[in-house]
Amino acid sequence: MADRATNLATVHRIREELTALLDGMDYCLDWKDGDGWCAREVLYHLVDTPEGGIGSVIAGVLGGTRDEVTILPDISNMTPERMAADIGDALAGPLAILQTAEDAIANAGDDDFEGRTALAHLPHRGIHEQRTAQSFIDGLERHWGEHLNQLKEIREALGM
């Protein structure tokens, strides 16, 4: 069973890895290798999946104010405004989400991670199940980890 310190360390590690991967990528946020997503699309996907960001889900579940969440996968969430954003603006959203998650985790008791739950709907996968706050934190680690790997692959393809 994960505790506050372990969960905080997870969020810190994700933040450090994300910022390191984006370091120096300001000129190539929109570069794509084939049909994959560019770094900008990855960032805005993380901002809006689930709607409002996973940080708000974690905060709501841990705070007892959120009892249901719908997650729609594989959406890039691009808008004309987002296409014009520089790297600082594009990175601000994911960093704010991680800060929201960190703040909620820091204020939670160790029992809250398994004791607080919400109904998760993943309609594209036919999943409707009760999940613990810990499972949402684990989902953050898994989902963001997958996209951090995408960013690594983009960097490697660019020779960075």
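These exercises cover the sheet, a helix and the largest pocket of a predicted model.

**Exercise 1. Describe the sheet and find its edges**.

Step 1: Take the strand order. The sheet is open, has three strands and runs 1-2-3. Its pairing is mixed.

Step 2: Look for strands with a single partner. Strand 1 (68-70) and strand 3 (127-132) each have just one, so both stand at the edges, with one side lacking a neighbour in the sheet.

Step 3: Add the twist. From one strand to the next it averages 25°.

**Exercise 2. Work out how strand 1 and strand 2 pair**.

Step 1: Locate strand 2. It spans residues 117-122.

Step 2: Give the sense and the bridges. Strand 1 and strand 2 are parallel, with three bridges.

Step 3: Pick out a residue pair. Threonine 70 has histidine 121 of strand 2 as its bridge partner.

**Exercise 3. Place helix 7 against the strands**.

Step 1: Find the helix. Helix 7 covers residues 133-157.

Step 2: Name the strands it lies across. They are strand 1, strand 2 and strand 3.

Step 3: State the angle. Helix 7 runs at about 105° to strand 3.

**Exercise 4. Characterise the largest pocket and its lining**.

Step 1: Start with the volume. The largest pocket holds about 360 Å³ of space.

Step 2: Turn to the lining. It has 20 residues, and the closest to the pocket centre are Thr49, Ile71, Arg125, Arg142 and His143.

Step 3: Ask which element gives the most to the lining. Helix 7 does, with nine residues.

Step 4: Sort the lining by character. Nine residues are nonpolar, six are polar and five are charged.

Note on methods:
Residues are numbered from 1 along each chain as its sequence is written. This is a predicted model: local features need pLDDT of at least 70, side-chain atom pairs count only at pLDDT 80 or more; totals for chains, interfaces and linings use all residues. Side-chain values use heavy atoms; hydrogens and water are left out. Two strands pair if DSSP finds at least two bridges between them. Helices (H or I, at least four residues) and strands (E, at least two) are DSSP runs, numbered from the N terminus. Axes are lines fitted to C-alpha atoms, for helices over the stretch in contact, and angles run from 0 to 180 degrees between N-to-C directions. Contact means heavy atoms within 4.5 Å. On a 1 Å grid over the protein atoms alone, a cavity is a set of points where a 1.4 Å probe fits but cannot get out, and a pocket is an open set with protein on both sides within 12 Å along at least five of seven lines; lining residues have an atom within 4 Å of a point. Grid points are joined across faces, edges and corners, and a volume is the space filled by probe spheres set on the points. Ala, Val, Leu, Ile, Met, Phe, Trp, Tyr, Cys and Pro count as nonpolar, Asp, Glu, Lys and Arg as charged, and the others, Gly among them, as polar.
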